[in-house]
Amino acid sequence: VAASWTCEGAKDGRLAYGVIVMERIAVSVKELLNRMQSEVKRDREGVPDLGVVREPVAKLQRSLMGVLERLIEGGVMHQDEHIGNFVIDMQQKAKVLDFGNSNMDSSLTEPGWEGDEQRKSVLMNSAKNLLASFMKHHPWVLGPPETDQFSDREIGAPSDPELAVIYDTVEQLHSDPSAYAWGKFRAYANESVLSQEEFAKYAGL
């Protein structure tokens with residue numbers, strides 16, 4: 001919903017009509033990845049080579065982390081972060097949907113060190129949820145692993161740093177949260193995930 005308002009009757013004050021303006025969505029992230037998957041090649045051991053979709057997938061990871069950072073610093077805990085709840089809009093930017101499980105927490109909006117520590121804790125859980133969703137539905141998004149093969153249950157550390165954004169964020173926030181600079185992904189939330197050519201190809205528009 002981009003905007004909504006109601007108008008009252010001129011005489012009796014009763015509701016005359018309501019207006020809701022909806023923002024058009026191009027494609028869900030889940031469907032986007034479904035369409036991209038055909039471009040992914042695998043070697044004899046099943047290790048994925050993302051090829052032409054590597055760059056947009058790397059952008060997507062950074063953008064999703066930026067969306068989460070902005071959401072959290074606005075005081076929102078989404079609590080249902082999976083790829084079916086993220087979409088790409090008509091400007092090729094990532095957005096999040098479905099706030100049915102979300103809660104507001106004013107402590108997330110507090111400035112300074114204490115606020116950052118609280119935000120990092122929520123971000124770690126959000127990023128873990130998102131990572132688990134990628135691992136379940138599209139593990140190839142994380143690129144070739146350094147060690148074990150990807151599966152629905154286990155994952156080796158991604159060997160490509162551009163494709164390890166979400167994985168590395170979870171690891172850092174778990175092992176050394178003080179080293180994580182809050183806001184490092186915020187600007188990516190406003191960047192286009194896809195080029196015009198990629199948008200036409202994968203969003204079907």
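This is a tour of selections to make, one after another, in a predicted model.

**Stop 1: helix H1**

Select residues 29-36, which form helix H1. Val29, Leu32, Leu33 and Met36 are the buried residues of this helix. Look down the axis of H1: these buried residues fall within an arc of 95°, so they line one face of the helix. The spacing has a general background: an α-helix has 3.6 residues a turn, so residues three or four places apart point the same way. To see what covers the buried residues of H1, add strand E3 (25-28), H2, strand E7 (86-89), H3 and helix H5 (196-202), which are among the covering elements.

**Stop 2: from asparagine 34 to histidine 138**

Stay in helix H1 and select asparagine 34. Is asparagine 34 buried or partly exposed? Its relative accessible area is 36%, so asparagine 34 counts as partly exposed. Now add histidine 138, which is 104 residues away from asparagine 34 along the chain. The C-alpha atoms of the two are separated by 8.1 Å, and their side chains are joined by a polar contact of 2.8 Å.

**Stop 3: helices H2 and H3**

Select helix H2 (54-73) and helix H3 (residues 112-137). In general, two packed helices are described by the angle between their axes and the distance between the axes. For H2 and H3, the axes come within 10 Å and cross at roughly 145°. The crossing of these two helices is right-handed. On the H2 side, show Leu64, Met65, Leu68, Glu69, Ile72 and Glu73; on the H3 side, show Arg119, Val122, Leu123, Ser126, Ala127, Leu130 and Phe134. Coloured by class, this contact of H2 with H3 shows nine nonpolar, one polar and three charged residues.

**Stop 4: arginine 119**

Zoom in on arginine 119, in helix H3. Arginine 119 has a relative accessible area of 6%, which means that it is buried. What does a polar atom of its side chain lie 2.5 Å from? The partner is the backbone oxygen of leucine 108. Beyond residues up to four places away in sequence, arginine 119 touches Ile72, Glu73, Leu108, Thr109, Glu110, Pro111, Gly112 and Trp182.

**Stop 5: lysine 120**

Move to lysine 120, also placed in helix H3. Lysine 120 is buried, at a relative accessible area of 7%. Which residues is lysine 120 in contact with, leaving aside its neighbours within four places in sequence? Display Leu173, Pro177, Ser178, Tyr180 and Trp182.

**Stop 6: helix H4**

Select residues 165-175 for helix H4. Val165, Ile166, Tyr167, Thr169, Val170 and Leu173 are buried there. The cover over the buried residues of H4 includes helix H2 and H3. Leu173 was also displayed at the previous stop, as a contact of lysine 120.

**Stop 7: two loop residues with positive phi**

One general point comes before these selections: most residues other than glycine have a negative phi.

Select glutamine 79, in the loop between strand E6 (76-77) and E7. Phi of glutamine 79 is near 70°, a positive value. With 40% relative accessibility, glutamine 79 is partly exposed.

Then select aspartate 98, in the loop between strand E8 (94-96) and strand E9 (103-104). Phi of aspartate 98 is near 60°, again a positive value in a residue other than glycine. Aspartate 98 is partly exposed, and its relative accessible area is 42%.

Terms used. Residues numbered from 1 in each chain as written. Predicted model: local features only at pLDDT ≥ 70, side-chain atom pairs only at ≥ 80, totals over all residues. Heavy atoms only, no water. Helix = DSSP H or I, 4+ residues; strand = E, 2+ residues; numbered from the N terminus. Buried < 20%, exposed > 50% of the residue type's maximum accessible area, 1.4 Å probe, protein only. Polar contact = N/O pair within 3.5 Å; in protein donor to acceptor, adjacent residues only side chain to side chain. Contact = heavy atoms within 4.5 Å. Axes fitted to C-alpha atoms, helices over the stretch in contact; angles between N-to-C directions. Left-handed = near helix turned anticlockwise from the far one by under 90°. Nonpolar A, V, L, I, M, F, W, Y, C, P; charged D, E, K, R; others polar. Arc of directions from axis to C-beta.
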